[in-house]
Amino acid sequence: MPFITPKQSAFFQAQGYLKIPQLLSPEQLIYYRAVYEDFLENRIEISRYRSDLGTHAEEEKAEGIKERITQIMVPSKLVPDLLNKPLHQQSLAIAQSLLGDDMALDFDMLIDKAPFSNTPTPWHQDCAYWIEMPDLRAVSCWVALDKASIDNGCMWYVPQSHQLPMRPHRPAGKGGGALECDASEEEGVAVELQAGDCVLHQGGTLHYSRGNTTAHRRRAFITNFRPQQMIELERAQGYDHTGERELRRK
Ligand SMILES: O=C(O)CCC(=O)C(=O)O
């Protein structure tokens, strides 16, 4: 089990984000990269859960690029074995250690920025996407399966932004579902990671990533946690982060 020090916890509470090195070992990375490729190459049937998160971009899609930003929702629903593996188990333990024992997995997702796909993820706060909830505790764990650098799209955060009122959000660029708000790199810090490292952020922490302008992959595996009771409240209102109508009605 990963051990979170009081200093790490205090940093997370105050700044709204926290980098943790070496969540995954090189051997574990081999497993996760193989599963990731199964999803990306459609060897696992995921068409209902796959979308392009970058349709807000104004520029033409670069030649040979399938999606500007590939997003695959709920991988652990499709490969339930993932739930028993280190990434989910350890990120859950970290989430509980940071925000309380009632934290549970809300949903997971993969976000891939292919080489030269060159599409930023707009500045936003996750809470801008949420339904109204009485308990706003939430933590997202962004695990790098490749080295994440400024140029291939590592995460940027605005420190302490989770402690301020949420900024007004609007549909990003050309539209397509992504939201954005006003913020800039001048207020932010870039968190570069080695493959296997992770960075956590709170639901109110402003974040963004540049487009991938390099020849290198930028694969992220992301787990999102919130209190079990709030997950139940979401589900009771038909909200499960997959965007699926038939699931929403449940
Ligand atoms: O991977 C990215 O570029 C964005 C990820 C993100 O916005 C999130 O995990 O909340």
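Where does the ligand sit? Keep in mind that you're looking at a predicted model. In this model, the ligand sits in the largest pocket. The elements that each give two or more residues to the shell around it are β4 (103–113), β5 (121–124), β12 (207–209) and β13 (218–227). Of these, β4 gives the largest share, with three residues.

Now let's look at who surrounds the ligand. There are 13 residues around it, and Thr121, Trp142, His207, Ser209 and Arg218 come nearest. What's the mix by class? The shell has five nonpolar residues, five polar ones and three charged ones.

Next, zoom in on some individual atoms. Pick out Trp142 and you'll find a polar atom of its side chain 3.0 Å from an oxygen atom of the ligand. Arg218 does something you can describe in much the same words: a polar atom in its side chain also lies 3.0 Å from a ligand oxygen. Then there's His124, where an N or O atom of the side chain is 3.2 Å from an oxygen atom of the ligand. So how much of the ligand does the protein cover? On its own, the ligand has 290 Å² of accessible area, and the protein covers 96% of that.

Let's leave the pocket and turn to salt bridges. How many salt bridges does a search of the whole structure find? The count is 19. One to look up is formed by Arg50 and Glu67, whose side chains meet with an N to O distance of 2.7 Å. Why is this pair worth a look? Arg50 lies in strand β2 (residues 50–52), while Glu67 lies in the loop between β2 and β3 (70–73), so the salt bridge ties together parts that are 17 residues apart in sequence. Try finding both side chains in the structure above, starting from Arg50 in strand β2.

Conventions: Residues numbered from 1 in each chain as written. Predicted model: local features only at pLDDT ≥ 70, side-chain atom pairs only at ≥ 80, totals over all residues. Heavy atoms only, no water. Near = heavy atom within 4 Å. Polar contact = N/O pair within 3.5 Å; in protein donor to acceptor, adjacent residues only side chain to side chain. Areas by Shrake-Rupley, 256 points an atom, 1.4 Å probe, with all protein chains shown as cover. 1 Å grid on protein atoms, 1.4 Å probe; cavity = no way out; pocket = protein on both sides within 12 Å on 5 of 7 lines; lining within 4 Å. Sits in = over half its atoms within 2 Å of the grid points. Helix = DSSP H or I, 4+ residues; strand = E, 2+ residues; numbered from the N terminus. Nonpolar A, V, L, I, M, F, W, Y, C, P; charged D, E, K, R; others polar. Salt bridge = Lys/Arg side-chain N within 4 Å of Asp/Glu carboxyl O.
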